[in-house]
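Subject: Structure handover

Hello,

Here is the structure you will be taking over. Please open it first, then read on.

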Amino acid sequence: TTGEFIEVAESPYHGDYSRRGRLDNKSRGGALEVNGELSGLTFTSVTGYEYFERYQPQDSDASPFRFIDMLYDDKTKAFSQEIRVSSEDNDRYYWMAGVYYSKDEVRGLQTADVADLFGEGMTASVSNDQDSRSHAIFTNLEFWLNSQWKLFGGLRFTSEEKKWQGGSTLVALGPPNLNSGTINNDEWSGNIGIEYHINSDVMIYESFTKSYRSGGFPGGFTQSSEDLKEFDQEYVYAFETGIKSMWLDNQLMINSALYYYDWHDLQTSGTDVDGGVVSIRLYNAGDAEIYGAEVDVMWQSPEHWELGGGINWMKTEIVDTSAIELKGNEVSNAPELMFNGVVRFHFDMNQLPVTLQSDVHYTDEYFFAADNEPVFKAKNLWLINGRATVEIPDQETPLELAVWVKNISDEEYKVSGFEQFNFSGDSYFYYGEPRTAGVSVKASF
């Protein structure tokens with residue numbers, strides 16, 4: 001490109017864009033739940049379907065030049081079916097068993113006009129086509145040993161298959177970088193625990209859970225064949241102990257817990273540089289440890305007020321990895337301290353129930369990626385929201401009308417980011433929503 005462009009933006013939500021367009025996104029879907037009883041057993045069927053289509057232009061570099069003027073053209077379909085059978089309620093035990101099936105299809109194409117980087121007519125593209133199938137059987141059991149001790153546990157076996165093909169194309173950098181593959185994964189997961197009920201209002205518990213997330217294929221732009229290889233599934237072994245309690249004739253709830261997560265083959269994102277162009281990839285960073293504590297409190301007055309809040313403190317560390325530069329780093333998107341609070345006031349206006357609500361959220365600093373680069377770090381942040389709701393219940397279709405404001409103080413804050421060009425030092429950031437106001441209507445049929 002010729003010339004120079006320097007912009008000191010008054011707001012991160014505006015830019016001197018080379019491309020303007022209107023997104024055209026469509027979604028539809030629904031869920032059907034059917035319940036029935038026979039011979040003391042409860043049968044439940046849950047069927048779900050979702051369809052999403054995205055046509056979204058985006059000037060990623062926010063400049064008048066055609067560096068990376070994106071167009072996202074994607075279609076996603078998802079179908080799921082779950083069937084459960086469970087025992088009737090009784091004072092001694094409860095069991096449930098079921099089967100699950102899901103089918104997902106993703107057809108994705110991202111194109112970028114990069115004419116001012118590599119020459120007129122040059123376009124980069126990324127294709128991602130994936131078909132996924134999942135089958136599972138599961139069961140859950142709760143059993144009272146006596147009036148105070150209860151055992152609980154669950155077990156699930158899942159069989160998954162993912163077929164993928166795609167890759168990146170940019171003629172200026174050489175031939176297309178394409179790949180395809182199939183992942184077959186069979187895995188057990190589940191939990192086991194015990195509860196001790198001191199009385200009807202106070203219970204302490206301990207639990208152990210094994211969970212996992214299946215592997216997959218990276219889908220970002222890259223000219224490296226290594227970056228198109230599949231990444232492995234990750235495992236989490238979670239230990240938790242805590243207390244749940246009600247006080248003051250069920251007006252005050254206090255819950256607290258201590259937890260420890262032993263994380264294996266942590267899936268995370270990172271950047272690679274190839275020919276001066278930075279590509280984003282998904283990979284297994286290694287093993288990590290997370291431990292922390294949380295407390296939740298909610299008080300409800302006999303008449304008008306509700307006050308609540310929660311605080312979570314945790315420490316994270318990557319403890320074992322083949323990438324020596326990551327060892328000892330914090331896990332991405334994991335703030336050390338988080339807090340949330342809410343105040344609600346209920347009253348009647350002309351015999352209509354009204355609720356006024358204000359909520360506040362605090363998030364400590366955290367890194368956007370496992371490499372813990374200081375420039376890609378979120379600041380500590382307070383967000384305040386407000387909402388006023390009026391219920392109109394006395395009619396065939398009860399209505400709920402609400403007026404709300406998010407981010408009342410109009411804070412500017414980053415939620416993720418990465419290096420965009422290795423040769424220029426540019427960085428790319430996503431910002432959270434500015435102050436946003438709206439009106440909502442909810443109807444019950």
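Below are the notes on the chain as a whole, one pocket and several residues.

Please keep in mind that this is a predicted model.

The whole chain

The chain has 445 residues, and 34% of them count as buried. Its secondary structure comes to one helix and 21 strands. The C-alpha trace spans about 75 × 55 × 45 Å along its principal axes. The exposed surface of the chain is about 25700 Å², with 53% of it supplied by carbon and sulfur atoms. Take the contacts between residues at least 6 apart in sequence: 61% of these join residues at least 24 apart.

The second largest pocket

Rolling a probe the size of a water molecule over the atoms shows where empty space is left. The second largest pocket has a volume of about 950 Å³. Its lining has 42 residues. Which of them lie nearest the centre? They are Gln110, Gly219, Gly220, Phe221 and Ile280.

The lining divides into 26 nonpolar, 12 polar and four charged residues. Several elements each supply at least two lining residues, among them helix H1 (115-118). Strands that do so include E3 (69-87), E4 (93-113), E5 (123-144) and E6 (149-169). Further along the chain, strands E11 (277-300), E19 (414-419) and E20 (427-431) do so too.

Two buried residues

Ser214 sits in the loop between strand E8 (202-213) and strand E9 (234-247). Is Ser214 buried or exposed? Its relative accessibility is 14%, so Ser214 counts as buried. The side chain of Ser214 makes a polar contact with the side chain of Glu160, at 3.5 Å. Not counting residues up to four places away in sequence, Ser214 touches Glu160, Lys162, Gln233 and Gln267.

Thr268 is in strand E10. Thr268 is buried because its relative accessible area is 7%, under the 20% cut-off. Neighbours within four places in sequence aside, Thr268 is in contact with Arg281, Leu282, Tyr283, Ala285, Ser332 and Ala370.

A partly exposed loop residue

Glu330 is found in the loop between strand E12 (305-320) and strand E13 (337-349). Glu330 has 31% relative accessibility, so it counts as partly exposed. Which residues does Glu330 contact, leaving aside its neighbours within four places in sequence? They are Thr316, Ile318, Phe367, Ala370 and Asn372. Glu330 and Asn372 are 42 residues apart along the chain, yet their C-alpha atoms are separated by 7.0 Å. Ala370 appears in the contacts of Glu330 and also in those of Thr268.

Two residues with positive phi

Most residues other than glycine have a negative phi. Leu248 has a positive value, near 55°, and is not a glycine. Asp249 also has a positive phi, about 55°, although it is not a glycine.

Where are they? Leu248 is in the loop between E9 and strand E10 (252-274). Asp249 lies in the loop between E9 and E10. Leu248 is at 54% relative accessibility, so it counts as exposed. Asp249 counts as exposed because its relative accessibility is 73%, over the 50% cut-off.

Where to look

To start, display the pocket with Gln110, Gly219, Gly220, Phe221 and Ile280 nearest its centre. Then turn to Ser214 and its polar contact with Glu160. End at the loop between E9 and E10, where Asp249 lies.

Best regards

Terms used: Residues numbered from 1 in each chain as written. Predicted model: local features only at pLDDT ≥ 70, side-chain atom pairs only at ≥ 80, totals over all residues. Heavy atoms only, no water. 1 Å grid on protein atoms, 1.4 Å probe; cavity = no way out; pocket = protein on both sides within 12 Å on 5 of 7 lines; lining within 4 Å. Points joined across faces, edges and corners; volume = space filled by probe spheres on them. Helix = DSSP H or I, 4+ residues; strand = E, 2+ residues; numbered from the N terminus. Nonpolar A, V, L, I, M, F, W, Y, C, P; charged D, E, K, R; others polar. Buried < 20%, exposed > 50% of the residue type's maximum accessible area, 1.4 Å probe, protein only. Polar contact = N/O pair within 3.5 Å; in protein donor to acceptor, adjacent residues only side chain to side chain. Contact = heavy atoms within 4.5 Å. Areas by Shrake-Rupley, 256 points an atom, 1.4 Å probe, with all protein chains shown as cover.
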